[in-house]
Structures are given as structure tokens and as C-alpha cells.
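Visitor: I have a protein model open on my screen and no idea where to begin. Could you walk me through it?

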Amino acid sequence: MSSDSKAARWKILLGYAAFAVVAFVVGLLITFPYDAIRKRLVSEAAQAGLAVRIGSLRPGLAGITATNVRVSKPPQPLSADTVASLAQGEGMLGAAELGEPLVLESVALRPALFPPGIAMRASVMGGTLSASVGLLGDTRVKVTADGLQASGGNLPGFTGLDLDGELNATLSLTMPKSGAQADLSQADGELTLDTRNMVIKSGKVAIPMGGGTAVPMDLPQIDLGALTGRIQFVKGLGTVESLRLKSNELEALATGTLKLGKRLEYSEPGMDVNIKLDPEFQKRLGLVGAGVTILPPDKKDPSFRAARLAGFLNRPTFLPRR
């Protein structure tokens, strides 16, 4: 057989292989169950009290990729018709009905082997949010936030605060199963925080001073600086090993515990908080600054004011420490 005929045969085989690959990709794009996946994601989020809108779904590397994902907290529970509309990628509801969304540019989901479960990687707020969930035996969750910009992803709209700065954090939890569900209230693990150059430019916040209902107050610009900390969890009880907020205008130190609940919002902080404000900054805070003066001086270091953070994460109390 001549060399020319051998070359021609290889070209034919290569052409068949290329055609097979293209046919597989086209078939996958056409037959992939996008609607079923979108419906499942939207329904699961609605059960958790969130509204999820997905711009597009497509196959990714060994998984799927969603783009223009918007996650919001509706002011009222979603109706069945609204959930069905979101699951179909339809609906003209906006922030008034669904709440201001946190925007994720892309979210990639794929199966994980070690441990068996699901891995996620998202481009959000100018940084990366990655997570893995191990589903064999106890549920193992690991989340890493790297280089998230507080001004991105519509976080100011989502929180009601015009923010700037960089967010970094890691969370690693192992949760035993209670029936078919992972039990957050019995989790072991660790949370670390490392934020940098945090600034509140403006906004409104409800500060729970005293035991009554928190009253929304307008905030001036606040240089929060760096928030660093580590909390160690054993059987759902988190011990604050370190938690510090420090800038040129303020300093806050916290010690104590965070008791995890069955749901995160029902977790109970039990922390002693020491606060020190720059005098000029305290004047700029107005009523908020005046509220800090109600707190008694710390017994060990009178330059700090002493408070107690208690209640629940979704309804905290901030009282003078006795």
C-alpha cells in the first residue's frame, strides 16, 4: 500500500472521529434535561425561602454551568404560580416582589469523587466562591470565598448597605444525618474570616439596642477596616477562638459561643463584645454613637464599652453587659 493511500485512510478515520465528537456534543446540547434541573434548583431554593432566577444552563466540564444567576430573599413567601414561572425561566417580577438579588456571573456544578458528592465553583463579586458537599455517610461541607469584592454582585442592593472592601472566608463542617437530613445543630468544624479594607459608604441598618424592636437608622461612612476571626464547632457549639474588627475609627473584640440551630437563622450567639470608638467618629454616628455610651465600661479595660450579643442570628439582641 502506497504512503499516499495510508495518509488518505488516516484522514478518513480522523474525519469520522471528528464527526462523532461533534454529533455527541450537538446531541448533548439538544437532549440535556435543562428544564428538569432548573425546576429542581428553583424549587429547592423556594423551600429555603429564596427566589432563584437562572439566565441560562449549558453543559460544562463533566457537569453543568449556569450563568446570570440571581438569588434573592422575597419579602413574602413565593406562591406556587411564581415558583412555576421561575422554574420555566419566565415571569416579569422584580425587586418589589422577589427582593434585591445577589448576582452570580456563573455557577459550575459537577460530581465529586473524593469524597463522593457535588462540587461547585462560582464567579461572583469579582472573586471566586467554591464549595463541595460530601454525601457518603455524614454530610461534609466545605466553602471557600476568595477575593470577593463587597461592592460587586449587587451586594449593596442585597444588603441595603453601600459597601467596599474584600471578603475572604472558609467554612468546613461535618454534619451527622438526622433521618435523611443533615443536622446542622450537631455539626463539627471551623469557620475562619479574613476581610480587608471594609468600608460602609452609606446605608440604613436596624441596630438591636435593648430588648425592643430594632429601629432602622441611617449610617454615615464607616471605616470598618479588617474583620478577622476563627470559630471552632464541636457538636453544634461554636467557641470563638478569636473575633476582631479593627480600623482607625473603631475596634471591637468578641468572645463566647455560637450555638448552631437546625437552620442557620435560628443559631444563637452568646458573646461578650467590647467596643471602642474614636471620639470624633462617635460624634458622626449620631444616635448610634449615643447608644454606645449607654454601655458600661469593661471591667478589665475601661477604654472599651461592654455589651452582650444574644438572641438569634435572624433576631439578635445587643444589651449592656452586666
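Visitor: Let's pick a residue. In which strand is the place of threonine 195?
Guide: Keep in mind that we're looking at a predicted model. Find threonine 195 in it, and you'll see that its place is in strand β10.

Visitor: Is threonine 195 buried or exposed?
Guide: To call a residue buried, we want a relative accessible area under 20%. Threonine 195 has a value of 8%. That is under the cut-off, so threonine 195 is buried.

Visitor: Which residues is threonine 195 in contact with, leaving aside its neighbours within four places in sequence?
Guide: Start with glycine 165, which is 30 residues away along the chain, yet the two C-alpha atoms are separated by 7.4 Å. Then look at the contacts of threonine 195 itself, skipping neighbours within four places in sequence. They are Glu166, Leu167, Asn168, Gly225, Ala226 and Leu227.

Visitor: Which residues are linked with Glu166 in a network of salt bridges?
Guide: We've just met Glu166 as a contact of threonine 195. Glu166 also belongs to a network of salt bridges. Its other members are Asp194 and Arg196.

Visitor: How many salt bridges does a search of the whole structure find?
Guide: One of them pairs glutamate 265 with arginine 263, with the closest N and O atoms 2.9 Å apart. Another joins the side chains of glutamate 280 and lysine 283, at 3.7 Å from N to O. Those two residues both lie in helix α6, 3 residues apart, or about one turn of the helix. Searching the whole structure gives a total of 12.

Visitor: How many residues apart are lysine 262 and aspartate 183?
Guide: These two form a salt bridge, with their closest N and O atoms 3.1 Å apart. The pair links distant parts of the chain: lysine 262 is in the loop between β14 and β15, while aspartate 183 is in the loop between β9 and β10. Along the chain, they are 79 residues apart.

Visitor: Which of lysine 262 and aspartate 183 is buried?
Guide: Lysine 262 has a relative accessible area of 56%, so that one is exposed. The other partner comes in at 9%, and buried means under 20%. The buried one is therefore aspartate 183.

Visitor: Over to helix α3. On which side of α3 are its buried residues, the same side or opposite sides?
Guide: The buried ones here are Thr82, Val83, Leu86 and Ala87. They cover an arc of only 135 degrees around the axis, so they share one side of α3. Ala80 and Asp81 are exposed on the other side. For the buried four, the answer is the same side.

Visitor: What is threonine 82 in contact with, leaving aside its neighbours within four places in sequence?
Guide: Threonine 82 is found in helix α3. It counts as buried because its relative accessibility is 16%. Leaving aside neighbours within four places in sequence, its contacts are Leu93 and Leu98.

Visitor: Which glycine takes a positive phi just after α3?
Guide: Follow the chain to the spot just after α3. There you'll find a phi of about 75 degrees, and the residue that takes it is glycine 89.

Visitor: Last one: over which residues does pLDDT stay under 50?
Guide: The protein chain averages a pLDDT of 86, and 85% of the residues score at least 70. Where pLDDT is low, the predicted coordinates should not be read in detail. The stretch that stays under 50 has 4 contacts beyond four places in sequence, and it covers residues 21-31.

Note on methods: Residues numbered from 1 in each chain as written. Predicted model: local features only at pLDDT ≥ 70, side-chain atom pairs only at ≥ 80, totals over all residues. Heavy atoms only, no water. Buried < 20%, exposed > 50% of the residue type's maximum accessible area, 1.4 Å probe, protein only. Arc of directions from axis to C-beta. pLDDT = per-residue confidence, 0-100. Contact = heavy atoms within 4.5 Å. Salt bridge = Lys/Arg side-chain N within 4 Å of Asp/Glu carboxyl O.
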